[in-house]
There are 2 protein chains.
Amino acid sequence: MRPYNTEIISVGTELLLGHITNTDARDISEMLSRIGINVKYHTVVGDNPERLLACVETAKSRADIIITTGGLGPTCDDLTKQILAQAFGLQLVRNEDEVRWLYDYISNKKNFTPNNFSQAMLPEGCTVFHNRWGTAPGCAFTAEGKTVIMMPGPPVECVPMFRAYGVPYLRSLSDEEIVSHAVRIFGIGESAVDDMFADEMNAMTNPTMAPYAKECDCLLQVTAKARSAEEAEAMMAPVIEHVRERLGDYVYGMDVECLEEAVFPLLKKRGLTFSTAESCTGGEIAKRFTDIPGASSVFLGGAVVYTNEAKAKILGLDPHMIEEKGAVSREVALALAEHVRNLTGADIGIGVTGLAGPDGDGVHEVGTVFVSMAVEGHTFVRNLHLGTTRTRSFIRRMSGNHAYDMMRRWLTGLQVE
Amino acid sequence: MRPYNTEIISVGTELLLGHITNTDARDISEMLSRIGINVKYHTVVGDNPERLLACVETAKSRADIIITTGGLGPTCDDLTKQILAQAFGLQLVRNEDEVRWLYDYISNKKNFTPNNFSQAMLPEGCTVFHNRWGTAPGCAFTAEGKTVIMMPGPPVECVPMFRAYGVPYLRSLSDEEIVSHAVRIFGIGESAVDDMFADEMNAMTNPTMAPYAKECDCLLQVTAKARSAEEAEAMMAPVIEHVRERLGDYVYGMDVECLEEAVFPLLKKRGLTFSTAESCTGGEIAKRFTDIPGASSVFLGGAVVYTNEAKAKILGLDPHMIEEKGAVSREVALALAEHVRNLTGADIGIGVTGLAGPDGDGVHEVGTVFVSMAVEGHTFVRNLHLGTTRTRSFIRRMSGNHAYDMMRRWLTGLQVE
């Protein structure tokens, strides 16, 4: 099935007004690229029957798989289902399972109207995707040699539904299995990774390997196709082993999304805790970790010490030392990590101080950051120069990545500084 | 010019692989909707000459204004300029100003190659948009009755360039001025705002008014067109006054992006400071405020006290009180605000404790949050029930909005609880 070309059509005037971002198309594309399906076009069109129909006709002429997002709920008159059924000459028929489910749902919640039942009208012969994250069901059908999948628009419904139903449905069209792994890398850039493996990558056809840059780290995606997932895994294993060997301790994890996600199980396994003292990152390191459900089992808390007074009052740093060494200094970074560790009783203390910009302090360049870590009997500091042209957001995020990288390295017995 | 229909074509295989999100199309659409230009389509296509040309031909058939993003740099062989010039039968000619600028740029930086000069090749007769945020210039031209604007792809270049050059260029095509203001609203939902003004909105043609939902607040966009900006402002003034009067203190600001942006100048004007003690929000309230450059003039810092031990050790809360009242309680919320205020010497202390989920604590429902504020001589608490079906991310963000809303209300003499 893999030369199949795909077009994602997102339906919604709000997208065209710039009120929301088309993250559905991004997330679906990412899931498809992991199973080796080529996305050739994204199209966004408003809640307008004629324009949507014209877009569907265009998609039929240039794609094998058409995926729609949005336009399934009662407020948009179920536009997408109507138009897709029309484009493929299908009738909409009432799905009794969905009617029953909606009926039960309504008896519990009061703000439903009878026209919610129009959600249960689906193209004849389609596969129904029951929506456990909302009310409007999705569906899929094959007609005129094209495969059509329809998903609701809200990302909290669209993304889990596509993962649960869309991906398996597309996999089932083929007797090939595509399996993919992401080797996550920190400390070396995407272009360096590219250089390192360029010749090999050009010579590979199955498995394949491709580097991708993320905001503050990068990854190498390894993908194989075979008659079974086991066979694909077996084909990838030596490639991944080779990659990990050459990249060494730049590799921070497999199939994880970020450094903190790699650090969490390392702490949990060893029953260790950490706390943070953040100046220039202003709470971002704590915020990122507490995005993870269950974070409190290893993260005790910390301090946001944006001003010198806060460093003294909350964490008890010596104001004369801050004055003498400067707020952006190795000494203050170390004191932050040590003091927050002592104060909270955590196994690991993290400290960050630096200049996130846009204004400098007259001493250091914007992008100068000291990231420190204190553990029993040891302290570590990294002095970063993240570049004067970088955004405030990049400098803060990258500083956090360094903090998590230092923890990862210490927890796995690697060199930290 | 306003019935002009617009299509945004974003060029980049990375978008189709799901590695990046098409925020350029969102941001440009938002800027265009503010000046009354209708965006009818977004299209994303890869770095492929044939497919891009076909997309441009489609856009010519259905849009009056074509805006491209991406495909301007040397790594993609300046695909977009080549194809757009070809589609409109134009030659690319060397722009000497851009050559000179690039030459100066190269003498400073070493990693430039001669083929960077291909960036200075631009469609004959075009208006050149010099890129102060990167190296690849943008441009605009009118041909065959269509207006074409080309922008670089990286959002840090595309967005400020479109604001600086794209918007004025499109405005200059018309002798009408379109001016728009966003009335930002917190504490009442978009549908309630819609109900409140539905009849008026339906009857209005110029100015117009439309409500929009954001993740944790909403806005009412008021837009007018006239022969001059002054005239448009004058037409809107009574409408905005009427809206503000009816919405009362739900209005937190005009043309701001978020509550913290509205709170910052209120604090600064009065020379007041605040600090935060965050349990369930885990540093997000501090992080959001320190996203604003210059935040340290009013934000002293705070504590992230994710565990009971941290609440006691960092802020000195009484462990017995926490035990007796429960970590998620009015009393703990108040103690957090009071202790962090006393510890830091801030004028305002903010405390947050609650359940962001996905797991509950066996006592309260997920979404139960206490947000507190301590000022000289007074304390305030809001007990929120944000809903058991909400995401962790929503609950945390909404809690932060309530904290900023309480500050805003106190700072402007409104009722807080």
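I began with the pairing between the chains: strand β2 (residues 38-45) of chain A runs antiparallel to β2(B) over five bridges. In this pairing A:Val44 faces B:His42 of β2(B). I took strands as paired if DSSP finds at least two bridges between them; helices (H or I, at least four residues) and strands (E, at least two) are DSSP runs, numbered from the N terminus.

I noted that the model is predicted, that local features need pLDDT of at least 70 and side-chain atom pairs pLDDT 80 or more, and that totals for chains, interfaces and linings use all residues. Residues are numbered from 1 along each chain as its sequence is written, with chains lettered from A and ligands numbered from 1 in the order in which they are written.

I then traced the sheet, which is open, has twelve strands with mixed pairing and follows the order β6(A)-β7(A)-β8(A)-β3(A)-β1(A)-β2(A)-β2(B)-β1(B)-β3(B)-β8(B)-β7(B)-β6(B). Its edge strands are β6 (127-129) of chain A and β6 (127-129) of chain B, each pairing on one side only. I looked up the turn between neighbouring strands, which is 15° on average, direction ignored; axes are lines fitted to C-alpha atoms, for helices over the stretch in contact, and angles run from 0 to 180 degrees between N-to-C directions.

At the chain B edge, β6(B) joins strand β7 (residues 138-143) of chain B antiparallel through three bridges. There B:Val128 stands opposite B:Cys139.

I next checked helix α3 (residues 49-62) of chain A, which packs on the sheet and touches β2 of chain B as well as β1 (5-11), β2, β3 (65-69) and β8 (146-151) of chain A. Contact requires C-beta atoms, placed from the backbone, within 7 Å.

How values were computed:
Contact = placed C-beta atoms within 7 Å.
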